[in-house]
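Here are my notes on this one, as numbered points. Have the coordinates open while you read.

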Amino acid sequence: MMWNRAELKMRGNMAFKKNYVSAVVVALLMGIFGTVSGESSARRVSENSDIYSGNLFNVGMITGLLAGIATVVILIVLVAKVFVGNLLKMGGYRFFILNQTAQPGIGTLLDGFRSGHYVNIVLTMFLRDLFTTLWSM
C-alpha cells in the first residue's frame with residue numbers, strides 16, 4: 001500500500017485531536033527534558049568570569065571556582081539525561097506511536113521505568129547517544 005502526504009497528514013491530525021490534552025502535555029515534557037544541556041551554562045560562566053577584576057577578588061580563584069561549579073552542573077545534567085531524560089524520551093515516543101491506534105494516557109511517558117528493563121533501556125540509549133556524538137565529530 002502506498003502512502004501519500006494528504007493521507008498521512010489526515011491520520012496524524014485525527015490521532016492528535018482525539019487525545020489533544022495528553023499529546024500536548026507529553027510533547028511539552030519531552031521538550032523540557034529533551035533540550036536540557038549543560039553547554040550553554042558553561043559558556044555563560046566563562047563569559048561572566050571577567051566581571052571580578054578588582055583587587056578585592058583573586059580572579060584566578062574565582063574563575064577556578066566557577067569552572068568547578070559549571071563542571072559539576074554539567075555532570076549532574078548529563079547523568080540526569082542518561083538515567084531519566086532518555087527514558088522519558090523513549091516513553092514519549094511510545095506514547096505517540098500508541099496514539100495512532102489507541103488512546104494512551106500520560107502515564108505512558110513513564111513506561112521505561114515500569115517495564116522491568118530499566119538497565120537495558122539506559123544502556124541502549126546511552127550507547128546510541130555516544131555513537132551519534134562520536135559519529136558527528
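1. Which residue forms a salt bridge with R128, and how far apart are the closest N and O atoms? The partner is D129, with the closest N and O atoms 2.9 Å apart. Keep in mind throughout that this is a predicted model. R128 itself is partly exposed, at a relative accessible area of 34%.

2. D129 has another partner too: its side chain meets that of K81 in a salt bridge, at 2.9 Å from N to O. This pair ties together distant parts of the chain, as K81 sits in helix α4 (residues 59-98) and D129 in helix α6 (residues 118-136), with their positions 48 residues apart. As for cover, D129 is buried because its relative accessible area of 18% falls under the 20% cut-off. K81, at 26% relative accessibility, counts as partly exposed.

3. Put those two contacts together and you get a network: K81, R128 and D129 are joined by salt bridges that share partners. The general idea is simple enough: side chains of opposite charge can pair when their charged atoms come close. Over the whole structure, the search turns up 5 salt bridges.

4. Another of the salt bridges is in helix α1 (residues 5-18), which holds both R11 and E7. Their side chains meet at 3.8 Å, N to O. The two residues are 4 apart in sequence, or about one turn of the helix. How open are they? R11 is partly exposed, with a relative accessible area of 37%, and E7 is partly exposed as well, at 23%.

5. R11 deserves a second look, since it also turns up beside an aromatic ring. It lies over the face of W3, at 6.0 Å from the ring centre. So when you look at R11, check both the salt bridge with E7 and the placement over W3.

6. On aromatics, the structure holds 3 aromatic pairs. One of them is F16 with Y20: the ring centres are 5.2 Å apart and the planes stand at 75°, so this pair is edge-to-face. Both residues are partly exposed, F16 with a relative accessible area of 33% and Y20 with 47%.

7. Now for the overall fold. The chain has 6 helices and 0 strands, and reading along the sequence gives the pattern α-α-α-α-α-α. Of its 137 residues, 23% count as buried. The accessible surface comes to about 9,900 Å², and carbon and sulfur atoms account for 69% of that. Among contacts between residues at least 6 apart in sequence, 65% join residues at least 24 apart.

8. Where does the UniProt record place a "transmembrane region"? The annotation, from an unreviewed entry, covers residues 62-84. In the model that span is 100% helix and 0% strand, and its end C-alpha atoms lie 32 Å apart. K81, met above in the salt bridge with D129, has a number that falls inside the annotated range of 62-84.

9. Helix α2 (residues 20-34) contains S22. Is S22 buried or exposed? It is buried, with a relative accessible area of 13%. Setting aside neighbours within four places in sequence, S22 is in contact with F95, P104 and I106.

10. V25 is found in helix α2 as well. At 30% relative accessibility, V25 counts as partly exposed. I106, already named as a contact of S22, comes up again here: the C-alpha atoms of V25 and I106 are separated by 7.5 Å, although the two residues are 81 apart along the chain.

11. Last, back to helix α6, where V119 has its place. V119 is exposed, with a relative accessible area of 62%, because that value is over the 50% cut-off. Its C-alpha atom is separated from that of F83 by 9.1 Å, and the two residues are 36 apart along the chain.

How values were computed. Residues numbered from 1 in each chain as written. Predicted model: local features only at pLDDT ≥ 70, side-chain atom pairs only at ≥ 80, totals over all residues. Heavy atoms only, no water. Salt bridge = Lys/Arg side-chain N within 4 Å of Asp/Glu carboxyl O. Buried < 20%, exposed > 50% of the residue type's maximum accessible area, 1.4 Å probe, protein only. UniProt positions renumbered as here; feature names shortened; annotations may be inferred. Contact = heavy atoms within 4.5 Å. Areas by Shrake-Rupley, 256 points an atom, 1.4 Å probe, with all protein chains shown as cover. Phe/Tyr/Trp six-rings, centres within 6.5 Å; stacked < 30°, edge-to-face > 60°. Lys NZ or Arg CZ within 6 Å of the ring centre and 35° of its normal.
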